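User: I am new to reading protein models, and I would like a close look at one part of this one. Please go slowly and connect the pieces as you describe them.

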Amino acid sequence: MNKWNFYTSKEIKPQGWLLRQLEIQAKGLSGNLHKIWPDVRDSAWVGGDRDDWERVPYWLDGFIPLAYLLEDEEMIAEAKRYIDAVISKQSQDGWLCPCREEKRSRYDTWALQLITKTLTIYYDCSGDERVPEVLYSALKNYYELLKSGEIHLFNWGKFRWFETFIALNFLKKRYDEKWINELADILKKQGYDYDGATELWKTPRRIWRYKTHIVNLAMMLKAEAVSCDLLGEEYTDKAEKYRQILDEYNGTVFEGFTGDECLSGISPVQGTELCGVVEQMYSYEQLFAFTGDNKWAERLEVLSFNALPATISEDMWSHQYDQMVNQIACIKLFPFSHFGTNGPRAHLFGLEPNFGCCTANFSQGFPKLALSSFMHRGDTIINALMLPGVLNTDGISITLKTDYPFENKAHYSISADRAFDFIIRIPSFAENVKINGKEAETKDALIHIEKGETEIRLEFGVSVKLKDRPNNLKTVQAGSLLFSLPIPFKEKRIEYSKRGVERKYPYCDYELIPAGEWNYAFCSTDFSVNYNGVGDFPFSVSNPPVTVTAYMKKINWGTRTKLKTVCRKVPKSLRAISDTEKTELFPYGCAKLRMTEMPLIND
């Protein structure tokens with residue numbers, strides 16, 4: 001395979017809008033959960049009496065790279081405090097999780113799979129030499145317990161067995177011992193084979209199953225890529241086979257799938273769980289690195305620039321559990337929940353709407369995206385994602401200034417003490433590509449960089465298109481950005497305490513109550529793009545960096561029976577009930593209430 005290797009937070013530093021986004025994240029929930037949320041603050045992982053399973057490992061998986069990318073000494077010290085506590089509690093036989101020995105057989109070792117993955121990113125960020133030995137002992141113990149039959153995979157661990165391979169691949173490079181491969185074989189044999197689930201994906205039902213759980217499936221996409229080397233198997237691009245089935249029967253316009261919490265079919269008004277978004281991003285990052293296939297990077301962009309910011313508040317102090325593509329209100333559902341297997345508050349913004357897994361897990365999204373911007377293979381460096389930042393590695397410095405995806409220009413300043421090959425991944429939708437004013441001959445630009453100073457200026461055009469969606473609906477797309485009709489809203493704060501967890505401003509619950517019309521259809525294919533510049537909040541709800549002018553008419557769309565805060569899956573009527581209106585569409589990630597999939601009617 002045409003594999004790429006990731007750089008670490010020592011080598012990549014964000015700049016521009018991405019740096020501002022990470023700073024916002026650090027000031028919001030991600031950077032403060034250890035102060036305000038008992039499941040992290042008082043976790044059994046650090047000697048407390050709260051959650052002893054996935055929440056601290058999930059949170060650290062994003063908090064650690066966030067801290068190191070920002071070079072925030074206070075956050076780095078906090079990350080070390082948690083890692084120190086985890087390491088200090090490791091048993092003599094290697095067992096790593098906060099679980100008494102007599103309860104190990106009943107402990108779902110998904111938490112072990114996750115904490116070993118988290119420790120690998122901590123090592124990449126910190127260089128802490130304790131980590132390889134801790135991982136060696138923990139996974140050797142895992143091997144011995146699984147091989148002897150003292151424990152076995154069940155529940156989440158059975159359906160996420162491949163997550164262990166992040167740490168196993170890390171160990172194999174350092175120790176290359178036979179038991180590592182044997183553990184890989186045991187995990188696959190005891191783990192679930194998703195080939196047996198594909199028929200279930202085609203007929204989603206309101207039944208909770210591991211086999212159709214959106215987060216399991218988002219993680220699963222990378223399974224073959226991360227495991228085939230250790231298993232000695234040929235890579236067959238199973239991810240594409242699985243993705244095509246999932247997309248056909250459960251796809252969304254933002255390259256994800258509906259899952260609220262399990263697969264929910266083709267519909268712009270079913271939810272997609274936030275954990276599913278960030279885990280699918282991570283899968284796409286791993287798939288691109290392993291295969292070098294641009295399709296994964298391009299799909300990653302659409303997820304990252306649309307689905308992720310859309311489901312988190314502008315200040316990143318609150319988030320949704322489920323987002324909807326057509327989301328006309330975020331108000332507690334009554335008299336029943338619209339979502340497949342989630343509750344009536346799952347689409348509210350808050351500290352912990354529905355379940356707390358997303359509260360802990362969403363932190364990985366933007367930091368890992370930043371770490372995927374540059375990759376390397378031998379003497380070749382690739383700019384996989386055009387994100388503003390600096391790469392400093394082995395005598396080479398590359399500074400990328402860009403407002404992409406909001407504007408399609410990039411300026412590279414390169415200083416090198418040796419020659420190397422540099423690839424710029426240019427999206428397939430790019431038009432009239434120019435490098436230093438000259439038309440580019442290929443989509444991916446391969447440039448041989450000589451020792452010394454080099455400047456590269458890239459620019460390209462992007463057409464605004466109506467993307468076809470099921471049920472004769474359409475979405476406006478320009479490059480990697482989707483555009484929605486924003487619905488004005490009033491924000492209602494809800495402060496309360498429940499089960500010892502306090503919700504108070506700014507991490508209280510929020511209902512978003514619509515304060516404007518939403519029942520529109522496109523009546524023209526005439527669109528124009530307006531670039532406004534990226535402000536302090538890159539995905540601002542009031543000052544979006546780019547908008548699209550569109551012409552629309554109101555129609556009798558209608559709401560779901562007995563649920564007046566959820567619009568119908570398809571409009572009740574396509575007959576216009578207003579004159580043509582000139583409207584401004586916002587990036588999907590900026591529009592918290594929105595209509596995204598709408599019909600095109602005759603003007």
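Here the request picks out one strand, and the answer follows it outward.

User: Which strands pair with strand β16, and in which sense do they run?

Analyst: Before turning to the strand, please keep in mind that this is a predicted model, and that the description rests on that model throughout.

Strand β16 spans residues 473-478, and it is mostly covered, since 5 of its 6 residues are buried. Here "buried" means a relative accessible area under 20%.

One partner of β16 is strand β15, made of residues 464-469, and these two strands pair in the antiparallel sense over 6 bridges. To find this pairing in the structure, you can look for aspartate 468, whose bridge partner in β16 is lysine 474. The two strands form a hairpin with 3 residues between them, and in this hairpin asparagine 471 takes a positive phi near 65°.

Strand β17, residues 481-486, is also a partner of β16, and here 3 bridges join the two strands, which again run antiparallel. A useful landmark for this pairing is alanine 478, whose bridge partner in β17 is leucine 481. β16 and β17 likewise form a hairpin, this one with 2 residues between the strands, and glycine 479 in its turn has a positive phi of about 65°.

From β17 you can step to another strand by way of a residue contact. Methionine 552 lies in strand β24, which covers residues 546-554, and when its neighbours within four places in sequence are left aside, the residues in contact with methionine 552 include Leu485. Leu485 falls within the range 481-486 given for β17. Among the other contacts of methionine 552 are Tyr520, Phe522, Cys523, Leu585 and Met598. Methionine 552 has a relative accessible area of 0%, and therefore counts as buried.

For contrast with the strands, it may help to look at a pair of helices elsewhere in the chain. The axes of helix α7, residues 130-148, and helix α10, residues 178-190, come within 10 Å and cross at roughly 55°, so α7 and α10 are oblique to each other. Their crossing is left-handed. The contact is made by residues including Tyr136, Leu139 and Tyr143 of α7, together with Trp179, Leu183 and Ile186 among those of α10. Sorted by class, this contact has 9 nonpolar, 1 polar and 3 charged residues.

Note on methods:
Residues are numbered from 1 along each chain as its sequence is written. This is a predicted model: local features need pLDDT of at least 70, side-chain atom pairs count only at pLDDT 80 or more; totals for chains, interfaces and linings use all residues. Side-chain values use heavy atoms; hydrogens and water are left out. Buried means under 20% relative accessible area, exposed over 50%, partly exposed in between (1.4 Å probe, protein chains only). Helices (H or I, at least four residues) and strands (E, at least two) are DSSP runs, numbered from the N terminus. Two strands pair if DSSP finds at least two bridges between them. Axes are lines fitted to C-alpha atoms, for helices over the stretch in contact, and angles run from 0 to 180 degrees between N-to-C directions. Angles under 35 degrees count as roughly parallel, over 145 as roughly antiparallel, 65 to 115 as roughly perpendicular and the rest as oblique. A crossing is left-handed if the near helix is turned anticlockwise from the far one by less than a right angle, and right-handed if clockwise. Contact means heavy atoms within 4.5 Å. Ala, Val, Leu, Ile, Met, Phe, Trp, Tyr, Cys and Pro count as nonpolar, Asp, Glu, Lys and Arg as charged, and the others, Gly among them, as polar.
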